[in-house]
Amino acid sequence: MSIKKLTDVASIKYGYAFNSKNFTNDSSYPQIVRIRDIKKGFSKTYYNGEFKDEYIIHRGDLLLGMDGEFNIEPWRSEKALLNQRVCKVEAKEGIDKNYLYFALNIELKKIEKKTSFATVKHLSANVLNNIELKIPNFNEQIKISHILANILKSIDLKEKMTNQLDELIKARFVEMFGDPANPINIWAPEKLEKICILNPKKEKKLENDDLDVSFVPMSAVSEHGAIDTTKVKKYSEVKKGFTYFLENDVLFAKITPCMENGKGAVATGLKNKKGFGSTEFHVLRPIKGKSNPYWLYTLTSFQSFRKLAELNMTGSAGQKRVPIKFLQNYKVVVPPIELQNEFANFVRQVDKSKFENIVYLNKTLSSKILSQIGDVIRD
């Protein structure tokens, strides 16, 4: 076994800054892959301008997003174009593609954990090029890949079950209140800022520097409403430069691609009922008697809501964010709090099953896979 830099075992092709003026919804043109598309494995954005063949990718190519969470995934759709801040990683001769996928994924997660950002994380080409991987002989690579592929089958099943439970919650929401894009019109519409407090300020009385609070980076919030609040810091460490929230506040990821991917959660299980986290969260605090956090969170999780939020994003490519004005002015039909609470009880019951799946997924990815690889690529 040897230790080699990524550039010794793989070729890296970086994407191009295609002109967004040529982006289109016309599917007769080639797909263009942005960071948010990598996990989905397909894109609904197409490019009608000129391009060089060197930026074409194909089904099965390993793609890595260099902003947000550093996931590497095989492209699951047809021929597409490699956009900026996305790169293709291609195994060189003597390196099993699947082994490269697993080994690199683990090293990227290590980088994420070591890198503390108040905002979104960025992976530089220099850091990527110099990642070191433990490379066993080719036959051992194949053996490890086979073991991990079998584990991924069970992970895929759990992810499908989790997605189905998400859809069950949304179906119940639509049954009770209508789709946010086509609501039941028996209740009066109100601006979101009238039924919850947006990005509330920190209470002045919170002065104890030694108080333990939960610390929630973007990576601690899933696309299924789960939140990991186990990381604890002293108030003195986080009182400046981070987003502040309380138990039962709703977190909404405002930056691309986290927003489009559906990141958000009801903040529960916070240490001392207080939390600090990424500045890339908007916070929606329910108002007693007007809004329930689970109703608010589900509202913000709908694709129709996220799509409208995407259209209102501001900023440059790769750094676009949902402005607070979008949330302030978003109009929603507000059902009585009694119905919101009834819906919340249903969500809590479904969440018990959903979060069991999520816990399984996290444990499998963090420990079971590593234990199967053993000392080959683990520290």
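The exercises below, each with a worked solution, concern a predicted model of a protein structure.

**Exercise 1. Find where Asn-83 sits, decide whether it is buried or exposed, and list its contacts from elsewhere in the sequence.**

Solution. Begin with the position along the chain: Asn-83 lies in the loop that runs between β9 (80-82) and β10 (86-91). Next take the relative accessibility, which is 5% for Asn-83; because buried means under 20% relative accessible area, Asn-83 counts as buried. Finally, set aside the neighbours within four places in sequence, and the contacts of Asn-83 that remain are Gly-15, Tyr-16, Ala-17, Phe-18, Phe-23, Ile-32, Val-33 and Arg-34.

**Exercise 2. Describe the salt bridge between Glu-54 and Lys-13, and state which parts of the chain the pair links.**

Solution. The whole structure, when searched, yields 16 salt bridges. In the one that joins Glu-54 to Lys-13, the closest N and O atoms are 2.5 Å apart. This pair links distant parts of the chain, since Glu-54 belongs to the loop between β5 (46-47) and β6 (56-57) while Lys-13 belongs to strand β2 (residues 10-14), with their positions 41 residues apart in the sequence. As for accessibility, Glu-54 is partly exposed with a relative accessible area of 42%, and Lys-13 also counts as partly exposed, at 23%.

**Exercise 3. Work out which residues Arg-36 is bridged to, and which network of salt bridges includes Arg-36.**

Solution. Start with Asp-37, which forms a salt bridge with Arg-36 in which the closest N and O atoms are 4.0 Å apart; both of these residues are buried. Then turn to Glu-310, whose salt bridge with Arg-36 has its closest N and O atoms 2.3 Å apart. The pair of Glu-310 and Arg-36 links distant parts of the chain, with Glu-310 in helix α9 (residues 303-311) and Arg-36 in helix α2 (residues 35-40), 274 residues apart. Glu-310 has a relative accessible area of 19% and is therefore buried, and Arg-36, at 8% relative accessibility, counts as buried as well. To finish, widen the view to the network of salt bridges, which links Arg-36, Asp-37, Lys-40, Glu-260, Lys-307 and Glu-310.

**Exercise 4. Place Leu-284 in the structure, and trace how Leu-284 relates to Leu-192.**

Solution. Leu-284 has its place in strand β22 (residues 281-286), and with a relative accessible area of 0% this residue is buried. Along the chain, Leu-284 and Leu-192 are 92 residues apart, yet their C-alpha atoms are separated by 9.2 Å. When neighbours within four places in sequence are left aside, Leu-284 is in contact with Leu-192, and also with others, including Cys-196, Ile-197, Leu-198, Phe-252 and Leu-327.

**Exercise 5. Identify which lysines gather in a patch of positive charge on the surface, and describe Lys-191.**

Solution. The patch of positive charge on the surface is formed by Lys-191, Lys-194, Lys-290 and Lys-331. Of these, Lys-191 lies in strand β14 (residues 189-191), and at 31% relative accessibility Lys-191 counts as partly exposed.

**Exercise 6. Locate Glu-140, and state how far it is from Cys-258 in sequence and in space.**

Solution. Glu-140 is found in helix α5 (residues 138-177), where, at 27% relative accessibility, Glu-140 counts as partly exposed. Between Glu-140 and Cys-258 there is a separation of 118 residues in sequence, and of 36 Å in space from C-alpha to C-alpha.

Notes: Residues numbered from 1 in each chain as written. Predicted model: local features only at pLDDT ≥ 70, side-chain atom pairs only at ≥ 80, totals over all residues. Heavy atoms only, no water. Helix = DSSP H or I, 4+ residues; strand = E, 2+ residues; numbered from the N terminus. Buried < 20%, exposed > 50% of the residue type's maximum accessible area, 1.4 Å probe, protein only. Contact = heavy atoms within 4.5 Å. Patch = residues over 30% accessible without salt bridge, like charges linked within 9 Å, V, L, I, M, F, W, Y side chains within 5 Å. Areas by Shrake-Rupley, 256 points an atom, 1.4 Å probe, with all protein chains shown as cover. Salt bridge = Lys/Arg side-chain N within 4 Å of Asp/Glu carboxyl O. Lys, Arg positive; Asp, Glu negative; His and termini not counted. Charge placed at Lys NZ, Arg CZ, Asp CG, Glu CD.
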